[in-house]
Amino acid sequence: GFPLRIISTHNGQNCKYFKFVAAVKEGKLNWSLHTVTIYDAVAQELADKIIGRKLTDEERQAWIDEERANCGDDVTWAQEYCCIAVDEATAFLTYELIESCELDNIEKTLEEITGDLYVGFDVGRKKDLSVITLLEKQEAINYIRRLKIMEKTKFKYQKETLFKCLSHRTFRRACIDATGLGMQLAEEAQDEFGRSRVEEITFTGPVKEELAYGLLRSMQDRNTRLPSQKEIREDLHSVKKTTTAAGNVRFDVEADSTDGHADRFWSIALAVHAAGSVDNTPIYVATRRKRESYNMLRGY
C-alpha cells in the first residue's frame, strides 16, 4: 500500500527505465512522470545552494557552462543532465562520429607509405584476431592506411609481419599489446628496434580508458581518418562504456556485433596513442645484418 518512486537517468532507449517513461507518456501506465533537467534544477536554485548565496542569471548560466565543460561527451550530457535518452548511448563511438571520419580511397600498402609511420598491434591467437594498424601521419592528421588482420595465425608469422612493418624506412613508433600473449612479441620487438620506439602496453582499466578517450578525442577533432569499411565501422561501434557499482569505467564489447573482441578498435587506439606520444627520436637505421634479414621479409 505504500507509494513506489523510481528515480533514474536514461541509458539509451533499450533500457527498462526508458520503456517505463514511454509507457507513461503513451498512457499505458497510470503513473505520474516528473522530469527535472539540470536547467530546471538550476532555475530552482540548485547552484545557489551549492555556492551558498543568491546568484544572478548570468552566474547560473556560467555554472551550467562549467558543468557542461567538465562533463565530457555529448551523450553523457544529454542523458545524465538533460533527461534525453540517446539511442546510441551504449556505444562509445557513435555511427555518426565514425562515418564523419571515414574517407574513400584512403588505404595504402606498406610500400606506398612515405610519411611518418606509426604502428598499433593488438595481439590475439585463437579466440581473438591479431590486428596491426598502419598509421601514416601527414600535417598532424592520422591516416589509417591499412589494418593487417591475422586470424588464428602462429606467432612465428605474426612476428614476421610485425617486424616487416617496424623495419619500414619511415617507421617512428609502435605501441604493442603486451597483455598475456603479446608480452613476448613486444619484448622481442623492443630488443630489435629499441625501447624508445617500441612501447609495451599492458591493458588495465585505466590504460584502456586512456587509450579509448585518446581515440575519441582524436576523432572528435577530426585528426584521425579511417577507411570506409563495414568491418572497421562495426568494430569501432561495438565498444560500450559502462560504469561499475564501484565507480570504475569499463569498456565492453556488444555481443555478436563484431568478429573479434573489438580488436580493430584497440589496434587503432594503440596506433593513435603511438602517434601522439612520439618524442621525435631520429629515424632508425638498421645494421647490415638486420637490414638483410628484413629485406628478405619484404621480398627484396
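The following paragraphs describe the fold, the nonpolar cores, the salt bridges and a few individual residues of a predicted model.

The secondary structure of this 300-residue protein consists of twelve helices and nine strands. Buried residues make up 42% of the chain. The accessible surface amounts to about 16,800 Å², and carbon and sulfur atoms account for 48% of that area. When contacts between residues at least 6 apart in sequence are considered, 65% of them join residues at least 24 apart.

In soluble globular proteins, nonpolar side chains tend to be buried together. Here, the largest nonpolar core contains 35 residues, of which Phe92, Leu93, Leu215, Leu236, Phe265, Trp266 and Ile268 touch the most other members. At least two residues of this core come from each of α6, β3, β4, α9, α10 and α11, and α11 supplies the largest share, with nine. Phenylalanine 92 offers a good view of the surroundings: leaving out residues up to four places away in sequence, Phe92 touches Ala212, Tyr213, Leu216, Val239, Lys240, Lys241, Phe251 and Phe265. A separate core of 22 residues lies apart from this one, and its members include Ile132, Phe163, Ile176 and Val198.

Nonpolar side chains also appear on the outside. Leu4, Ile6 and Trp31 make a nonpolar surface patch of about 340 Å². Within this patch, tryptophan 31 sits in the loop between α1 and α2. Because its relative accessible area is 41%, Trp31 counts as partly exposed.

Turning to charged groups, side chains of opposite charge can pair when their charged atoms come close. The model holds 13 salt bridges. In one of them, arginine 60 pairs with aspartate 48, with 3.0 Å between the closest N and O atoms. The partners are twelve residues apart, Arg60 in helix α4 and Asp48 in helix α3. Both are buried: the relative accessible area is 13% for Arg60 and 5% for Asp48. These two residues also belong to a salt-bridge network with Glu45, Lys54 and Asp57.

A second pair joins glutamate 136 to lysine 108, at 3.2 Å from N to O. Glu136 is in strand β3 and Lys108 is in the loop between β1 and β2, so this salt bridge ties together parts 28 residues apart in sequence. With a relative accessible area of 0%, Glu136 is buried. In a third pair, lysine 159 meets glutamate 188, and the closest N and O atoms are 3.2 Å apart. Lys159 belongs to helix α7 and Glu188 to helix α8, so parts 29 residues apart in sequence are tied together. Lys159, at 30% relative accessible area, is partly exposed, and Glu188 is also partly exposed, at 21%.

Glutamate 80, in helix α5, contacts Thr9 and His10 when neighbours within four places in sequence are set aside. With threonine 9, the side chain of Glu80 makes a polar contact of 2.7 Å. Glu80 is partly exposed, with a relative accessible area of 42%. Its C-alpha atom is 8.8 Å from that of isoleucine 38, a residue 42 places away along the chain.

Finally, two loop residues merit a look at their backbone. Cysteine 83, in the loop between α5 and α6, has a positive phi near 60 degrees although it is not a glycine. Lysine 152, likewise not a glycine, has a positive phi of about 50 degrees and is found in the loop between β4 and α7. Cys83 is partly exposed at 28% relative accessibility, whereas Lys152 is exposed at 56%.

Note on methods. Residues are numbered from 1 along each chain as its sequence is written. This is a predicted model: local features need pLDDT of at least 70, side-chain atom pairs count only at pLDDT 80 or more; totals for chains, interfaces and linings use all residues. Side-chain values use heavy atoms; hydrogens and water are left out. Patches are made of residues with over 30% relative accessible area and no salt bridge: like charges are joined within 9 Å, nonpolar side chains (Val, Leu, Ile, Met, Phe, Trp, Tyr) within 5 Å. Accessible areas come from the Shrake-Rupley method with a 1.4 Å probe; for residues, only the protein chains shown count as cover. A salt bridge is a side-chain nitrogen of Lys or Arg within 4 Å of a carboxyl oxygen of Asp or Glu. Helices (H or I, at least four residues) and strands (E, at least two) are DSSP runs, numbered from the N terminus. Buried means under 20% relative accessible area, exposed over 50%, partly exposed in between (1.4 Å probe, protein chains only). Contact means heavy atoms within 4.5 Å. A polar contact is a pair of N or O atoms within 3.5 Å; within protein, one must be able to donate a hydrogen and the other to accept it, and residues adjacent in sequence count only if both atoms are side-chain atoms. A nonpolar core is a set of buried Ala, Val, Leu, Ile, Met, Phe, Trp, Tyr and Cys residues joined through side-chain atoms within 4.5 Å.
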